[in-house]
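Me: I should like to go through the assignments made for this structure and hear the reasoning behind each of them.

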Amino acid sequence: MLEVGKGELPDMKQRWFTAARQLLVLGDRCGGLHMVTLETEEHLVIKQSMPKLHGRMGLTDLRVEGELLWSVGRDGFIRSYNLGGQKTVTMLQALHVGYDWVASIRMVWEELVCLVWHGARLLVCW
């Protein structure tokens, strides 16, 4: 493992992360989304935070597809963001899928696919 930098992260119970070019995106158990960059050599800095974006139940998955960042959460929302400028992340849309818990999001055959929990069942929504 190669260490590229160190820095302070906001207080959060659990973290999920993904990387997009020079941007590190962190999601947390409290529903927040945080963008971190390597400011100087070996120094990580939080560029943007969106606390409680997915409600108090938390963010469950992050995915980068081209210029888009996708986040899903236990609030039933899929959110997409533009990564174009790299200075800040801009939310493009938020869509409620009709279920309370979106577990994951994937691109399958160039189509958006959601995995959602409905009671004790895992559903695949195309």
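Reply: A salt bridge here is a side-chain nitrogen of Lys or Arg within 4 Å of a carboxyl oxygen of Asp or Glu. By that criterion, a search of the whole structure, which is a predicted model, finds three salt bridges.

Me: Why is the contact between Arg-63 and Asp-61 called a salt bridge?

Reply: The N to O distance between the side chains of Arg-63 and Asp-61 is 3.1 Å. The cut-off is 4 Å, so the pair qualifies as a salt bridge.

Me: What makes Asp-61 buried?

Reply: Its relative accessible area is 12%. Buried means under 20%, so Asp-61 is placed in that class.

Me: Is Arg-63 buried, exposed or partly exposed, and why?

Reply: Arg-63 has 22% relative accessibility. Partly exposed covers the range between under 20% and over 50%, so Arg-63 counts as partly exposed.

Me: Which other salt bridge does Asp-61 form, and which parts of the chain are linked by that pair?

Reply: The side chains of Asp-61 and Arg-106 meet at 3.3 Å, N to O. This pair links distant parts of the chain, with Asp-61 in strand E6 (residues 59-65) and Arg-106 in strand E10 (residues 101-108), 45 residues apart. Arg-106 has a relative accessible area of 37% and is therefore partly exposed.

Me: What joins Asp-61, Arg-63 and Arg-106 into one network?

Reply: Salt bridges that share partners join these residues. Asp-61 forms a salt bridge with Arg-63 and another with Arg-106.

Me: How do you know that Asp-75 and Arg-79 form a salt bridge, and is Arg-79 buried or exposed?

Reply: Their side chains meet at 3.2 Å, N to O, and the limit is 4 Å, so the pair is a salt bridge. Arg-79 has 10% relative accessibility; the threshold is under 20%, so Arg-79 counts as buried.

Me: Why is Leu-2 called exposed?

Reply: Leu-2 has 72% relative accessibility, and exposed means over 50%, so the term applies. Leu-2 lies in the segment before strand E1 (5-6). With Val-4 and Leu-38, Leu-2 forms a nonpolar patch on the surface, with about 310 Å² of accessible area together.

Me: How do you know that E10 and E11 pair?

Reply: Two strands pair if DSSP finds at least two bridges between them, and seven bridges join E10 to strand E11 (residues 111-118), so the criterion is met. The two strands run antiparallel, and Met-107 has Leu-112 in E11 as its bridge partner.

Me: Why do E10 and E12 stand at the edges of the sheet?

Reply: The open sheet has the order E10-E11-E12. E10 and strand E12 (121-125) each have a single partner strand, so one side of each is left without a neighbour in the sheet.

Conventions:
Residues numbered from 1 in each chain as written. Predicted model: local features only at pLDDT ≥ 70, side-chain atom pairs only at ≥ 80, totals over all residues. Heavy atoms only, no water. Buried < 20%, exposed > 50% of the residue type's maximum accessible area, 1.4 Å probe, protein only. Helix = DSSP H or I, 4+ residues; strand = E, 2+ residues; numbered from the N terminus. Patch = residues over 30% accessible without salt bridge, like charges linked within 9 Å, V, L, I, M, F, W, Y side chains within 5 Å. Areas by Shrake-Rupley, 256 points an atom, 1.4 Å probe, with all protein chains shown as cover.
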